[in-house]
Amino acid sequence: RGVQEGWEAIRDMKVRGAPAIAVVGCLSLAVELERERERGASRGKQEMVTFVLDALSFLVTARPTAVNLARAAGELNSFLSLEAARPETSAESLRESLLCRIEAMLEKDVQDNLKIGKHGADHILAGAKGGKVRILTHCNTGSLATAGHGTALGVIRSLHAAGALEHVYCTETRPYNQGARLTAYELVYENIPGTLIADSMAAIAMKD
């Protein structure tokens, strides 16, 4: 919908997971820029720069501890400064450049996750000495916490796709229960063999 709605979704934990928070924040800005164009609203070049900088600063306040969001905002700030400094850049071309940049950031997150999944799976299998592996995972690090595929859960997906995964144990993850509500759902959706356990069972699960 726009920057305000993106800010509220991040603040109210409707979206969580560092990569997803950054993606939602940037996409909320992209949606607002696109809707302005559809409405025929116009801004001067400097007005556009001021609006974007203010919007990014505002979005970061929704979750000040979200490193990915702050990093993405900083990246867009730098990109905006470089583009705006070009004499030939107009307000409309600046808008288009920002939209393309945000789309590229979304795609990069997916590709990064796929690489994490592959390298993580390769690393685990290199030390597994043959046979299938059992994995314990905490919180939610899957496609619901990223732009797609996932980070730690992406490794599990890659292991499963390679036929090298025996079983996954996911913790409930109190107090928000991301493991119970999200990771368990993703495992069932992907037909990955898994068991939901209480947080206090992690030690015995690793011992066994």
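Contact here means heavy atoms within 4.5 Å. By that yardstick, 10 residues of domain 1 touch 10 residues of domain 2. Keep in mind throughout that this is a predicted model.

**View 1. The whole chain, split into two domains.** Domain 1 covers residues 3-112 and domain 2 covers residues 128-207. Their C-alpha centres sit 32 Å apart, and the contacts between them involve 10 residues on each side. Taken along the principal axes, the C-alpha atoms of the chain fill a box of roughly 65 × 35 × 25 Å. The chain has 8 helices and 3 strands, and reading along the sequence gives α-α-α-α-α-β-α-β-α-β-α. Of its 208 residues, 43% count as buried. Take the contacts between residues at least 6 apart in sequence: 74% of them join residues at least 24 apart.

**View 2. The parallel sheet, with a helix lying across it.** Here are 3 strands in an open sheet, ordered β1-β2-β3, with parallel pairing. On the edges are β1 (133-137) and β3 (194-197), each pairing on one side only. Neighbouring strands are turned by 15° against each other on average, direction ignored. Zoom in on β2 (residues 165-171) and you'll find 4 bridges joining it to β3; T171 has I197 of β3 as its bridge partner. Helix α7 (residues 178-189) lies across β1, β2 and β3, and runs at about 160° to β2.

**View 3. Helix α6, mostly tucked away.** Helix α6 spans residues 152-161, and 7 of its 10 residues are buried, so the rest of the structure largely encloses it. The buried ones are L153, G154, V155, I156, R157, S158 and L159. What do they pack against? Their neighbours are α5 (91-128), β1, β2 and α7. After α6 comes G163, with a positive phi near 70°.

**View 4. W7 and F58, a stacked pair between two helices.** The structure holds 2 aromatic pairs, and this view shows one of them. The ring centres of W7 and F58 are 5.1 Å apart and their planes meet at 10°, so the pair counts as stacked. W7 belongs to helix α1 (residues 3-11) and F58 to helix α3 (residues 45-60), so the pair ties together parts that are 51 residues apart in sequence. Are the two partners buried or exposed? W7 is buried, at 14% relative accessible area, while F58 is partly exposed at 30%.

**View 5. Y185 and Y189, a stacked pair within one helix.** These two tyrosines also make a stacked aromatic pair, 6.0 Å centre to centre with 25° between the planes. Both lie in helix α7, 4 residues apart, or about one turn of the helix. Why does that spacing suit a pair? An α-helix has 3.6 residues a turn, so residues three or four places apart point the same way. Y185 is partly exposed, with a relative accessible area of 48%. Y189 has 59% and counts as exposed, because the cut-off for exposed is over 50%.

**View 6. A charge over a ring: R43 and F51.** For the last close-up, look at the charged end of R43, which sits over the ring of F51. The distance from that charged end to the ring centre is 4.0 Å.

Technical notes:
Residues numbered from 1 in each chain as written. Predicted model: local features only at pLDDT ≥ 70, side-chain atom pairs only at ≥ 80, totals over all residues. Heavy atoms only, no water. Pairing = 2+ DSSP bridges. Axes fitted to C-alpha atoms, helices over the stretch in contact; angles between N-to-C directions. Phe/Tyr/Trp six-rings, centres within 6.5 Å; stacked < 30°, edge-to-face > 60°. Buried < 20%, exposed > 50% of the residue type's maximum accessible area, 1.4 Å probe, protein only. Lys NZ or Arg CZ within 6 Å of the ring centre and 35° of its normal. Domains from an automatic or database assignment.
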